[in-house]
Amino acid sequence: MPTPSPHASRRALLAGAAAAGGAAVLPLASPAHADDLLLSTDFSSGTTEGWYARGAVALSVNAEGNLLVEGRTATWNGAAIDITAHIEVGVRYQLRVLMRLPSGTDAADLRTTVQRDAAGSTAYETVKWNTAVTPDAWTEFTGTYSITQPADLLQFYVESDSSLTPVLVDDFTLSRIQEPEIQDLMPLKDFLECDFPIGCAVEPPEVVGKPAELLAKHFAQVTTGNQMKPDAIQPTEGVFTFDRADQIVAFAEANGMRIWGHTLLWHNQTPAWWFLDADGNPLQPTRAHRALLLARFEAHVTALAAHYGDRVWAWDVVNEVVDPEQTDGLRRSRWYEVFGGGAYIGEVFKIARRVLPRKVKLFINDYNTEFPDKREALYNLVQDLKRKRVPVDGVGHQAHVDYKRDPQLLGESIDAFRRLRVLQAVTELDVSVSDYMEESLPSTPPERLAAQGRYYQELFTVLRDRARHLESVTMWGLYDAVSWLRTWPVSRPHEAPLFFDDRLQAKAAYWGVVDPAQLPPE
Ligand code: XIL
């Protein structure tokens with residue numbers, strides 16, 4: 001019998017998946033599931049019902065039965081409630097509360113957060129990001145929360161982004177999310193096995209419980225979303241914190257997944273100390289300060305190399321250093337200012353090559369690389385680096401696209417970079433369903449999810465046609481509820497850029513890749 005072609009074996013796998021219940025996944029929206037209510041307060045008793053002051057504020061219950069928080073003197077001041085006893089490792093919870101401002105006060109951005117104390121350290125974890133609140137109506141703050149390791153104390157609280165406004169709070173609930181089973185579907189990693197490893201950027205909550213089951217089923221590679229960025233790894237000079245990244249790395253290794261490191265150098269999420277001298281003054285464009293920056297970079301990479309060695313398959317060495325609006329095509333960052341140009345880029349690649357094991361791949365990563373102007377600026381930079389014998393191995397196309405952007409553009413960029421003989425990868429793919437960046441809708445219009453399914457179909461045709469030139473294709477997030485687009489650049493509750501929905505169920509986006517015949521008709 002002849003060896004089956006990759007495509008024949010994929011068809012066979014797919015037939016198996018359909019038989020295993022593929023047809024049962026439609027309709028595409030997942031059904032509502034009743035969650036288990038664990039705790040609720042509505043202040044109808046006339047008492048604060050377990051809420052207490054966070055900071056020197058006054059709490060009272062008004063005649064309407066709302067909790068009133070007054071006298072805030074710092075943005076973190078507010079009201080808190082202890083939820084420690086209800087939260088188990090690896091379970092997802094929904095935290096919901098209503099907020100309004102007393103009449104006569106100006107609108108303000110508020111948010112909800114959990115303070116998590118564990119093993120002597122404290123973390124502040126956003127539940128629902130900054131959202132505008134007015135005196136006119138109640139605004140709902142709903143978000144999901146989970147922990148990945150046991151905690152000593154968990155306090156849910158309300159605070160503001162920048163204002164000291166008094167706040168009214170009502171109808172708080174904490175519920176345990178009843179997760180539907182992870183669907184018995186064709187794993188993406190098997191479907192794409194003959195093309196490229198399919199990756200996913202994750203945070204620690206995605207490597208426990210049901211999300212972890214979904215992650216291990218479908219993905220062959222992980223990127224540490226935020227946990228290997230400079231601020232996560234070295235918040236204070238000389239103090240390295242690997243624990244959160246290690247949770248992801250341990251999961252990846254236990255499940256045979258390849259690991260992508262993100263990122264050694266970036267203008268964002270880099271602690272302030274990195275760009276200050278010993279007296280706390282901003283670094284200047286002097287020879288001494290250039291040397292200091294490079295020494296700091298080398299110390300940083302040396303610590304990462306000692307900790308991870310070649311367990312990290314590739315690193316984004318520099319992230320987002322290109323700006324096609326500038327005459328030299330380079331972003332004006334603190335690195336750029338101190339170096340008076342882009343000379344730092346070659347220097348940090350040389351340091352990374354010297355310090356990291358030889359087999360670790362070194363990438364330059366950027367967004368919008370599908371657009372011709374950015375493509376050209378990045379191309380010119382990489383060409384220049386190669387001419388100067390800078391050890392850059394590959395180019396990462398972030399591919400934060402939207403459902404109206406021509407999918408062919410990314411293919412054209414991949415084709416263009418082949419001339420430079422560099423490795424290539426798609427590193428941060430998501431497909432926004434917004435019509436413009438600041439759009440904010442309460443829920444996702446169903447026709448956009450269908451259009452997104454067709455978009456993924458076309459995009460993956462473009463990518464699979466170029467599989468030989470791609471080291472991996474990575475999604476920037478596992479399921480919609482944890483996508484960064486929900487909170488960036490504004491609160492966007494309707495954003496749904498990924499393959500799996502808030503309940504971890506496959507969307508049209510998944511079927512666009514795996515079996516477009518399952519997509520709803522146009
Ligand atoms: C984003 C994260 O997903 C967010 O959680 C964080 O608040 C901001 O950064 N390009 C990148 C990623 O290279 O590091 C960014 O990640 C998304 C855009």
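The following questions and answers concern a predicted model.

Me: Which residues have the most contacts inside the largest nonpolar core?
Reply: The largest nonpolar core has 105 residues. In soluble globular proteins, nonpolar side chains tend to be buried together. The residues with the most contacts inside this core are Phe219, Trp335, Leu429, Phe460 and Phe499.

Me: Which helix gives the most residues to this core?
Reply: The core in question is the one of 105 residues. The element that gives the most to it contributes eight residues and spans residues 287–308. That element is helix 6.

Me: How many residues make up the other core, which lies apart from the largest one?
Reply: Phe43, Leu67, Ile87 and Val114 are among the members of this other core. Its residue count is 30.

Me: Which residue that surrounds the ligand and touches Leu429 also has a side-chain N or O atom 3.2 Å from an oxygen atom of the ligand?
Reply: Beyond four places in sequence, Leu429 touches residues including Gln398, Tyr456, Phe460 and Trp476. Gln398 and Trp476 are also among the residues that surround the ligand. An N or O atom in the side chain of one of these two is 3.2 Å from an oxygen atom of the ligand, and that residue is Gln398.

Me: What is the distance from an oxygen atom of the ligand to an N or O atom in the side chain of Asn319?
Reply: Asn319 is one of the residues surrounding the ligand, together with others that include Lys229, Glu320 and His400. The atom in the side chain of Asn319 is an N or O atom, and its partner is an oxygen atom of the ligand. The distance between them is 2.9 Å.

Me: How much of the accessible area of the ligand does the protein cover?
Reply: The shell around the ligand divides into three nonpolar, six polar and three charged residues. On its own, the ligand has 410 Å² of accessible area. The protein covers 75% of that area.

Me: Which residue of the ligand shell has a positive phi although it is not a glycine?
Reply: The residue lies in the loop between strand 14 and helix 6. A polar atom of its side chain lies 3.2 Å from an oxygen atom of the ligand. Its relative accessible area of 30% falls between the 20% and 50% cut-offs, so it is classed as partly exposed. With phi at about 50 degrees, the residue is Gln269.

Me: Which residue is joined to Thr263 by a cis peptide bond?
Reply: Thr263 belongs to strand 14, which comprises residues 258–265. The bond in question has an omega of about 0 degrees. The partner, which is also among the residues surrounding the ligand, is His262.

Me: What is the omega of the cis peptide bond from Trp488 to Pro489?
Reply: Pro489 is located in the loop between strand 20 (473–475) and helix 12 (508–514). The bond that leads to Pro489 from Trp488 is cis. Its omega is near -5 degrees.

Me: Is Leu504 buried or exposed?
Reply: Leu504 lies in the loop between strand 20 and helix 12, and its phi is positive, at about 70 degrees. Its relative accessibility is 0%, and the cut-off for burial is under 20%; therefore Leu504 is buried.

Me: How many of the ten residues of helix 10 are buried?
Reply: Helix 10 spans residues 408–417 and is mostly covered. Its buried residues include Leu409, Leu410, Ile414 and Phe417. Among the elements that cover them are helix 9 (372–387), strand 17 (394–397), strand 19 (423–432) and helix 11 (446–465). The number of buried residues is seven.

Me: With which side chain does Ser160 make a polar contact of 2.7 Å?
Reply: Ser160 is in strand 10 (residues 153–160) and is buried, with a relative accessible area of 0%. Beyond four places in sequence, Ser160 touches Arg72, Thr75, Asp109, Leu110 and Arg111. The side chain that makes the polar contact is that of Arg72.

Me: What separates the C-alpha atoms of Tyr157 and Ala80?
Reply: Tyr157 is found in strand 10 and counts as buried at 2% relative accessibility. Ala80 is 77 residues away along the chain, yet Ala80 is one of the residues that Tyr157 touches. The C-alpha atoms are separated by 4.1 Å.

Notes: Residues numbered from 1 in each chain as written. Predicted model: local features only at pLDDT ≥ 70, side-chain atom pairs only at ≥ 80, totals over all residues. Heavy atoms only, no water. Core = buried A, V, L, I, M, F, W, Y, C linked by side-chain atoms within 4.5 Å. Buried < 20%, exposed > 50% of the residue type's maximum accessible area, 1.4 Å probe, protein only. Helix = DSSP H or I, 4+ residues; strand = E, 2+ residues; numbered from the N terminus. Contact = heavy atoms within 4.5 Å. Near = heavy atom within 4 Å. Polar contact = N/O pair within 3.5 Å; in protein donor to acceptor, adjacent residues only side chain to side chain. Areas by Shrake-Rupley, 256 points an atom, 1.4 Å probe, with all protein chains shown as cover. Nonpolar A, V, L, I, M, F, W, Y, C, P; charged D, E, K, R; others polar.
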